[in-house]
Amino acid sequence: ISSTSSQFSPFTTRDLHDSHPDSMFVRVWNESGWSLLQRETYLYTSSGELSQESQYYRVTGQWLKVWRHELSYNAQEQLVEWLNLEGIESSWVDDTRERFTYDTQGRLIQKLQQETSEAGWNSNTRLTYTYTPDDLLSEEILETKVLSDWFYDSSKLYGYSTTGALTTCMIRSWDYDAEVWRGDSLFTYDHDGAGNLIQYQVQYQEADAWQNALRENYTYDSSDHTIDKITQLWLGSNWYNSERIVYEYNTSGLLSTAIQQEWDYDEDQWFDTAREVFTHDDQGDQVTMTTQQWSRGEEAWINVYHFQWHYPEPSAIDPPQPRTFVLNQNYPNPFNPSTSISYNLQQSSTTRLVIYDLQGREISVLKAAQQPPGRYLYRWNGLDQSGNPVSTGVYFCRLSAGGKNQTIKMLYLP
């Protein structure tokens, strides 16, 4: 996190929990206090899918357009186009777009990336997806277009345990001389008996052998809260500490603070460098996040950025009312870091929307309340009920209302 840069990168993921915002404001700290820096606005379709998000920067008292994303969906409420526009003075101008293709089972099989020119839209890259018999993503291949021909660039191969948990991801590049795929990097994932990710390791191919590079180790408390994540680097023939994130929770079990630390080799201990402080509303939705840096000279936390999200009321999307009970397939799927889940209620019902793992354990209750007829949209970003990150792999989302049940399968990628 940099207090001098306009590009901020929080080291934790914000939890939207069971609501979607209509706006977000970012403020930067200076000598006179908090000053507005950026805002984003969000619009949704009648069925609750995100249709537009726009970003603006505050410059000399005026809001300047930066970018806008416009999303289009088919009749099955699957995303078919993502359009990126640039803010040029007072106008939005087409820049790039992505187009999505699905098979008859509703699985994403291709993503085409294009950029605009005076002659129109030109394709430059495409991703093709294939799946296992269990509907798990097995491979994605990236191709680039040169003139009128497509050429292999890279691919990702995924491996899973017998329970469907992600265990490996190999990134390969295409060798045009030998016309074969060659491994570049290998990511491995280890889980404990409860399904928690306990280690993530990165290796690179060198001299026809896999060489260690980086690993992350996770520890949990008795309630399966993540309490720290330690990043280590492989140097020579040993692992050395590099960075740690320590997680703290409030009395409701929600994430309240994430503290970033670095290893001091001279003093042989961890020292604080930055932290994120979170607040939540009565529904458990995260509404603010403040990023701060630790000043070793002043022995104090120094404010950097303040994020604030606004959620509209009510959560039900306006009529027309649906005529059927349906839980739609989440989008995107596979996903990282978050996915949207929408459903229709044709009558007033006591509703439960719950995430389960492959062992049938309840991971997160996204909604449990009496709801009137309507269309609803919620987002899940891979956190359990206490705000802890869950391991990548396969999860199920189950909707129960009015004596009816529907379940969808979701794949959370690294």
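This passage looks at a four-stranded sheet, a small set of cavities and one buried serine in a predicted model.

The sheet comes first. Four strands make it up, running in the order 24-23-26-27, and it stays open, with antiparallel pairing. At its edges sit strand 24, covering 362-371, and strand 27, covering 404-412, each with a partner on one side only. Going from one strand to the next, the twist averages 15°. Strand 26, made of residues 393-401, is joined to strand 27 by nine bridges, again in the antiparallel sense. Within this part of the sheet, G393 faces Y412 of strand 27.

Next, the empty space. Searching the whole structure turns up two cavities of 30 Å³ or more. The second largest cavity holds about 50 Å³. Its walls are built from F325, L345, Q346, Q347, S349, A401, G402 and K404. Sorted by class, that lining comes out as three nonpolar residues, four polar ones and one charged. The cavity also ties back to the sheet: A401, one of the lining residues, belongs to strand 26, while K404, also in the lining, belongs to edge strand 27.

Finally, S256. This serine lies in strand 17, which spans residues 255-264. S256 counts as buried because its relative accessibility is 17%, and the cut-off for buried is under 20%. Setting aside neighbours within four places in sequence, S256 is in contact with E248, Y249 and N250, and also with E276, V277 and F278.

Methods. Residues numbered from 1 in each chain as written. Predicted model: local features only at pLDDT ≥ 70, side-chain atom pairs only at ≥ 80, totals over all residues. Heavy atoms only, no water. 1 Å grid on protein atoms, 1.4 Å probe; cavity = no way out; pocket = protein on both sides within 12 Å on 5 of 7 lines; lining within 4 Å. Points joined across faces, edges and corners; volume = space filled by probe spheres on them. Nonpolar A, V, L, I, M, F, W, Y, C, P; charged D, E, K, R; others polar. Pairing = 2+ DSSP bridges. Helix = DSSP H or I, 4+ residues; strand = E, 2+ residues; numbered from the N terminus. Axes fitted to C-alpha atoms, helices over the stretch in contact; angles between N-to-C directions. Buried < 20%, exposed > 50% of the residue type's maximum accessible area, 1.4 Å probe, protein only. Contact = heavy atoms within 4.5 Å.
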